[in-house]
Amino acid sequence: MAKTTNASRGGAVLALAVYSDNRLVREQVVAALGNHLADDLPPVAITQFATPAALIAALDESVFDCVILDGEAAPLGGMGVSYQIKDEFNDPPPTVLLVARQMDGWLATWSRADGVAPMPIDPLTLPEVVAEVIRADQAGTLDDTILVPGAASRH
């Protein structure tokens with residue numbers, strides 16, 4: 001069975017959620033994503049969240065095509081939020097984790113994030129990563145094998 005997303009429900013836009021406790025990070029993500037991720041995808045509508053509770057509540061009520069999470073957010077970072085989303089929702093949206101240190105990429109595998117993008121926000125890389133994750137999700141090829149827990153770890 002195909003996964004239900006905003007776009008697959010006939011939505012004219014891709015619904016994206018951005019979580020960070022830092023307003024400047026949210027603004028940078030919104031600016032980097034712009035109105036279109038790629039020519040082959042519909043325009044985007046971005047909803048911003050400053051708290052994990054607000055994001056989780058919105059996920060209970062709305063369908064998002066992708067959730068972008070700040071790995072440096074406090075008190076609950078994007079890694080923990082991604083893990084919670086993947087653990088608590090039957091049909092979770094794909095998640096993209098923003099990491100400040102390349103060595104934290106292995107933690108993204110623990111969080112079951114579907115994609116990882118670097119911080120500071122790169123306006124070329126972030127839209128590409130989000131678009132790749134959304135395309136894979138729409139094609140039904142997105143699964144937990146993109147980032148396998150422990151696969152990036154040297155331990």
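## Around Leu37

Let's start with Leu37: leaving aside residues up to four places away in sequence, its contacts are Leu14, Leu16, Val44, Pro127, Val130, Ala131 and Ile134. Keep in mind that this is a predicted model.

Leu37 also turns up in the largest nonpolar core, a set of 26 residues. Along with Leu16, Val29, Ile68, Val96, Leu126 and Val130, Leu37 touches the most other members of that core.

## Who builds the cores

Several elements chip in at least two residues each to this core: strands E1 (14-19), E3 and E4 (95-99), plus helices H1 (23-33) and H5. Helix H5 gives the largest share, with seven residues.

There's another core too, lying apart from that one. This other core has 20 residues, including Tyr19, Ala58, Ile85 and Phe89.

## Two cis prolines

Now for the backbone. Ala74 and Pro75 are joined by a cis peptide bond, with omega at about 5 degrees. You'll find Pro75 in the loop that runs between strand E3 (66-70) and helix H3 (78-88).

Another cis peptide bond links Met119 to Pro120, and here omega is about 0 degrees. Pro120 sits in the loop between strand E5 (115-118) and helix H5 (125-139). That is the H5 that supplies seven residues to the largest core.

## A positive phi

One more backbone detail to check out is Arg112: this residue isn't a glycine, yet its phi is positive, at about 65 degrees. Look for Arg112 in the loop between helix H4 (105-111) and strand E5.

Technical notes. Residues numbered from 1 in each chain as written. Predicted model: local features only at pLDDT ≥ 70, side-chain atom pairs only at ≥ 80, totals over all residues. Heavy atoms only, no water. Helix = DSSP H or I, 4+ residues; strand = E, 2+ residues; numbered from the N terminus. Core = buried A, V, L, I, M, F, W, Y, C linked by side-chain atoms within 4.5 Å. Buried < 20%, exposed > 50% of the residue type's maximum accessible area, 1.4 Å probe, protein only. Contact = heavy atoms within 4.5 Å.
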